[in-house]
Protein chains: 2
Amino acid sequence: MNIDSLSQILSTIKFDSQGLIPAIAQDNDKNDVVMMAWMNEESIRETFKSGRVCYWSRSRKSLWKKGETSGQHQELVDFLIDCDGDTILLRVKQHGVACHTGRRSCFYRSVQNDGTIKETMKVEKDPSELYNS
Amino acid sequence: MNIDSLSQILSTIKFDSQGLIPAIAQDNDKNDVVMMAWMNEESIRETFKSGRVCYWSRSRKSLWKKGETSGQHQELVDFLIDCDGDTILLRVKQHGVACHTGRRSCFYRSVQNDGTIKETMKVEKDPSELYNS
C-alpha cells in the first residue's frame, strides 16, 4: 500500500484522546476471538508494511510486534473498520497461541450462572518456554 | 445470579479510569463479531439481571439497553473475561441486525490492498424503520 492510500485509511480512523484505537483479533480459520489490544498510527503503518500485526503496548509505551519474542505471531488477513471508525477488527492467521498464559485465546474465563468462573481452555504452550527463550 | 456472586465477578474486572471496560459482541451461532461497545458496573448488573446485553453509552452518558428502541436486541449466551480482566467477550444471540446502519455487523468496511475501502455487507434493514418507530 502506498503512503497516500495509507494516509487516507488513517484519516477515516477515529483515534481516542491518547491517539489509540481498540483492535480485536479474530482467527480467520476458526473464527474465535483471540485477543483485544490497542493500536496507534505507527502500529497500523507497521502492520500494513510487514503484513504482521503490530499493536501499541500501553504499559511499555512502545510498538508491540506481536510474536516477536514468543514466535506466536499474527498474519494479517483482513483489516476492518467499524461504522463509527473507532474500533478495528483484525482477521488474522494466528501462529501458535495468542495468550501469554499459553492458551489459544485470552478469553478463556467464562462466568457461570452460579457466579463462578470456569476456565474453558487448556494451556497449549508452557509460558516459560514462550518468553524465556 | 445472587448479589454476592455478582460482586465477586465485578471484583475480577479491571475497569479503566472512567469506570468502563470494552465489550466485544460475537454472534454465538455464526461466530461473526458484530460490534464493540463499553460497559460499566451498572450495565453488567443489568445484563445479568435481564439476560439481555446492556452497554453504557459514552455519548449519552446513560445505560444503553441494546435493542430497546430498535428491537434488535442481544440475548446473552456466554460472558467471558480475558486474561488481564480488562476486556469482555459477549457471546450473544443477535436478534436482527447489530449495526445502526442496518447491517448485520458494524465491521463492514474492509481495507483493500490498494488502500481503498470496500463495503462487504449489505443493508438488511432500513435504518429509518429501526429508529423512527
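These are my notebook entries on a predicted model with chains A and B.

**Entry 1: the annotated span**

I began with the record for chain A. UniProt, in an unreviewed entry, places the feature "domain: Phosphoribosyl-AMP cyclohydrolase" at residues 35–108 of chain A. I then looked up the geometry of residues 35–108 of chain A and found their end C-alpha atoms 10 Å apart. By secondary structure, the span is 14% helix and 38% strand.

**Entry 2: how the copies are related**

I next asked what turn lays chain A on chain B. The turn is 180°, with a shift of 0.0 Å along the axis, and the RMSD is 0.0 Å. The two copies are therefore related as by a two-fold rotation axis. I also looked up which residue of chain A comes closest to the rotation axis, and I noted A:Asn31, with its C-alpha at 3.0 Å.

**Entry 3: Asn31 in both chains**

I stayed with A:Asn31 and located it in the loop between strand S1 (21–27) and strand S2 (33–39) of chain A. Its phi is near 70°, a positive value in a residue other than glycine. I recorded A:Asn31 as partly exposed because its relative accessibility is 22%, and the class of partly exposed residues lies between 20% and 50%.

I then turned to B:Asn31, which lies in the loop between strand S1 (21–27) and strand S2 (33–39) of chain B. B:Asn31 is not a glycine, yet its phi is positive, at about 65°. With 22% relative accessibility, B:Asn31 counts as partly exposed.

**Entry 4: the extent of the interface**

How many residues does each chain give to the contact? I found 40 residues from chain A and 40 residues from chain B. The area buried between the two chains is about 3100 Å², and carbon and sulfur atoms give 64% of this area. In chain A, the residues that lose the most area to chain B are A:Cys83, A:Phe107 and A:Arg109, which together make up 22% of what that side buries. I noted that 100% of the interface residues of chain A are also interface residues in chain B, so the copies meet through the same surface.

**Entry 5: polar links and elements**

I looked up the charged pairs and found two salt bridges between chain A and chain B. One of them joins the side chains of B:Arg58 and A:Asp86, at 3.7 Å from N to O. Across the interface I also recorded 14 residue pairs in polar contact. The elements that give two or more residues to the side of chain A touching chain B include helix H1 (3–12) and strand S6 (88–94) of chain A. S5(A) gives the most to that side, with four residues.

Key
Residues are numbered from 1 along each chain as its sequence is written. Chains are lettered from A and ligands numbered from 1 in the order in which they are written. This is a predicted model: local features need pLDDT of at least 70, side-chain atom pairs count only at pLDDT 80 or more; totals for chains, interfaces and linings use all residues. Side-chain values use heavy atoms; hydrogens and water are left out. UniProt positions are given in the numbering used here, feature names are shortened, and annotations may be inferred rather than shown by experiment. Copies are superposed by least squares on the C-alpha atoms of residues with pLDDT of at least 70 in both. Contact means heavy atoms within 4.5 Å. Buried means under 20% relative accessible area, exposed over 50%, partly exposed in between (1.4 Å probe, protein chains only). Buried area is the accessible area (1.4 Å probe) that two parts lose on being put together, summed over both. A salt bridge is a side-chain nitrogen of Lys or Arg within 4 Å of a carboxyl oxygen of Asp or Glu. A polar contact is a pair of N or O atoms within 3.5 Å; within protein, one must be able to donate a hydrogen and the other to accept it, and residues adjacent in sequence count only if both atoms are side-chain atoms.
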